[in-house]
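This report is written for a reader who wishes to go through the model at the bench, element by element. Please keep the sequence and the structure in view while reading.

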Amino acid sequence: MTSNPLSLNVARIELREVRLPLREPFRISSGVCTERRIMLLQLFHADGSSVWSECVAGEEPNYTEETIDTAWYAITQWLAPRVLGQTVDAPGSVSRLLSRNFRGHPMARAAVEMGFWGLAAAVARLPLARLIGGVQERVVTGISIGIQESPAALVERAQAAVAEGYQKVKLKIQPGSDIAFVHAVRAALGEDVDIAVDANSAYTLNDVNLLKQLDAFALLMIEQPLGPDDIVRHAELQRQLTTPICLDESIISLDRAEDMINMGSGRIINIKPGRVGGFATSIAIHDLCLQSGIPVWCGGMLESGVGRAYNVALASLPNFTLPGDLSPSHRYWERDLVTPEWTMDASGTVGVPLDRPGIGVTPDMDRIDDLTVRHETLIAPRSDGTSTGSSSL
Ligand code: OSB
Ligand code: MG
């Protein structure tokens with residue numbers, strides 16, 4: 001982190017909703033996504049510079065409670081008014097400003113908080129990864145493959161991913177699409193490929209015998225088999241499995257990460273900055289895990305190139321040692337919202353844009369304007385204390 005105090009003052013925030021179709025539907029145990037409704041923020045510094053950030057909430061509350069519509073409401077009603085026109089000494093202070101006497105809505109908070117980190121990097125003319133203390137110049141990348149019709153269809157996609165260079169293949173599973181599917185992929189890919197599975201909370205402790213069968217496939221991890229808020233039963237399950245459990249949905253704060261470590265509810269953490277309210281908490285969880293010998297990796301939420309810029313910067317911290325869900329732009333979209341698009345090399349790594357200040361990518365304004373279905377401008381309250389201005393388009 002930079003030692004110079006940065007004085008930040010955001011005078012205006014513009015919110016946009018863009019609709020971006022996925023190249024193919026993405027199915028997880030709790031739902032399917034065919035088109036992303038993406039919320040973008042543009043934060044304008046008092047000196048005229050600006051930066052973009054992304055809110056990763058989905059359309060329906062099937063991953064966590066939040067949706068793009070609850071996040072839009074939280075930002076316009078409560079969060080933007082807390083920061084607009086305020087002088088903030090450093091981006092690390094914003095998380096406290098947004099979470100004091102405020103429960104929930106972490107993806108909404110993260111969108112604003114991460115924008116301040118991006119803005120601080122832009123103002124300081126530093127790459128975002130450098131601002132936060134990133135050390136890796138390229139980040140190792142895995143792919144997350146949605147639930148498929150048949151083991152054969154899954155094998156085809158997993159083989160294509162390995163041929164492209166991905167260093168980890170994560171298979172979404174659910175009851176009925178699990179053992180036979182994982183078995184087929186392991187048989188087709190051989191012993192040398194890192195394979196993980198992600199259940200998005202589709203199982204209960206009653207399924208322990210089925211989950212124990214997964215131990216036979218030498219998986220890198222089993223992600224979030226049980227309930228999103230369940231640290232206790234994951235500890236019980238981990239005692240019965242040899243495969244490491246990785247928690248995703250359950251880790252919503254630094255305290256929950258500490259609980260997982262103390263109770264043995266898992267041995268790996270998937271850090272998604274949106275899920276934990278932004279960069280300050282992500283970095284704190286990263287640091288705790290580093291001290292505790294727990295490897296972390298950066299999860300994904302089917303972000304556009306804007307949100308991806310933040311994930312890639314975060315994943316450059318030293319304890320992000322496992323491949324992240326940081327696929328390049330073309331895995332998701334015909335065309336991304338940014339230039340340059342995100343690319344992956346043949347050995348499955350994505351370059352951290354260390355040669356560019358700020359978030360390192362430039363939003364394509366023509367494309368964003370074409371795809372925008374909702375636009376709102378939020379401005380600072382007047383100094384006489386009258387309410388925050390807002391205008392919709
Ligand atoms: O559980 O990691 C998850 C996408 C939406 C909601 C939850 C998850 C995911 C992914 C996508 O796995 C990973 C990616 O962005 O490539
Ligand atoms: Mg997950």
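The text below takes up the metal site, the sheet, the bound ligand, and finally two further regions of the chain.

**Metal site**

The model is a predicted one, and the description starts with its magnesium ion (ligand 2), for which the protein donors are Asp 198 (OD), Glu 223 (OE) and Asp 248 (OD), at 2.1 to 2.3 Å from the ion. Along the chain these donors follow the spacing D-x24-E-x24-D. Because Asp 198 belongs to strand S8 (residues 195-198), while Asp 248 sits in the loop between strand S10 (245-247) and helix H9 (254-263), the pair ties together parts that are 50 residues apart in sequence. Asp 198 and Asp 248 are both buried.

One of these donors also has a partner within the protein, since the side chain of Asp 248 makes a polar contact of 3.4 Å with the side chain of Asn 270. Asn 270 is part of strand S11, and its relative accessible area of 0% places it among the buried residues, for which the cut-off is under 20%.

**The parallel sheet**

Strands S8, S10 and S11 belong to an open sheet of seven strands, arranged in the order S6-S7-S8-S9-S10-S11-S12 with parallel pairing. The edges are taken by strand S6 (143-145) and strand S12 (296-298), each of which has a single partner strand, so one side of each is left without a neighbour in the sheet. From one strand to the next, the twist averages 25°. At the S12 edge, strand S11 (residues 268-271) pairs with S12 in the parallel sense over three bridges, and Ile 271 has Cys 298 in S12 as its bridge partner.

**Ligand 1**

Ligand 1 is surrounded by 15 residues, of which the closest are Lys 172, Asn 200, Lys 272, Leu 302 and Tyr 332. The table lists polar atoms of the protein together with their distances from an oxygen atom of this ligand.

| Residue | Part of the residue | Distance to an oxygen atom of ligand 1 |
|---|---|---|
| Ser 144 | N or O atom in the side chain | 2.9 Å |
| Asn 200 | polar side-chain atom | 2.8 Å |
| Leu 302 | polar backbone atom | 2.9 Å |

Ligand 1 exposes 390 Å² when taken alone, and the protein buries 96% of that area.

**The N-terminal strands**

Strand S1 (residues 8-28) pairs with S2 in the antiparallel sense over 14 bridges, and a hairpin joins S1 to S2 through two residues. Within this pairing, Pro 21 has Glu 35 in S2 as its bridge partner. On to the next strand, six bridges join S2 to strand S3 (residues 50-55), again with the two running antiparallel, and Leu 43 stands opposite Val 51 in S3. S2 and S3 likewise form a hairpin, here with four residues between them, and Gly 48 in that turn has a positive phi of about 105°.

How much of strand S2 (residues 31-45) is buried? The count is 11 of its 15 residues, so strand S2 is largely enclosed by the rest of the structure.

**A loop further along the chain**

Pro 340 is placed in the loop between strand S13 (338-339) and strand S14 (349-351). With a relative accessibility of 42%, Pro 340 counts as partly exposed. Although Pro 340 and Gly 360 are 20 residues apart along the chain, their C-alpha atoms are separated by 8.8 Å.

Notes:
Residues numbered from 1 in each chain as written. Chains lettered and ligands numbered in written order. Predicted model: local features only at pLDDT ≥ 70, side-chain atom pairs only at ≥ 80, totals over all residues. Heavy atoms only, no water. Donors = N, O, S within 2.8 Å, 3.2 Å for Na, K, Ca; no water. Buried < 20%, exposed > 50% of the residue type's maximum accessible area, 1.4 Å probe, protein only. Pairing = 2+ DSSP bridges. Axes fitted to C-alpha atoms, helices over the stretch in contact; angles between N-to-C directions. Near = heavy atom within 4 Å. Polar contact = N/O pair within 3.5 Å; in protein donor to acceptor, adjacent residues only side chain to side chain. Areas by Shrake-Rupley, 256 points an atom, 1.4 Å probe, with all protein chains shown as cover.
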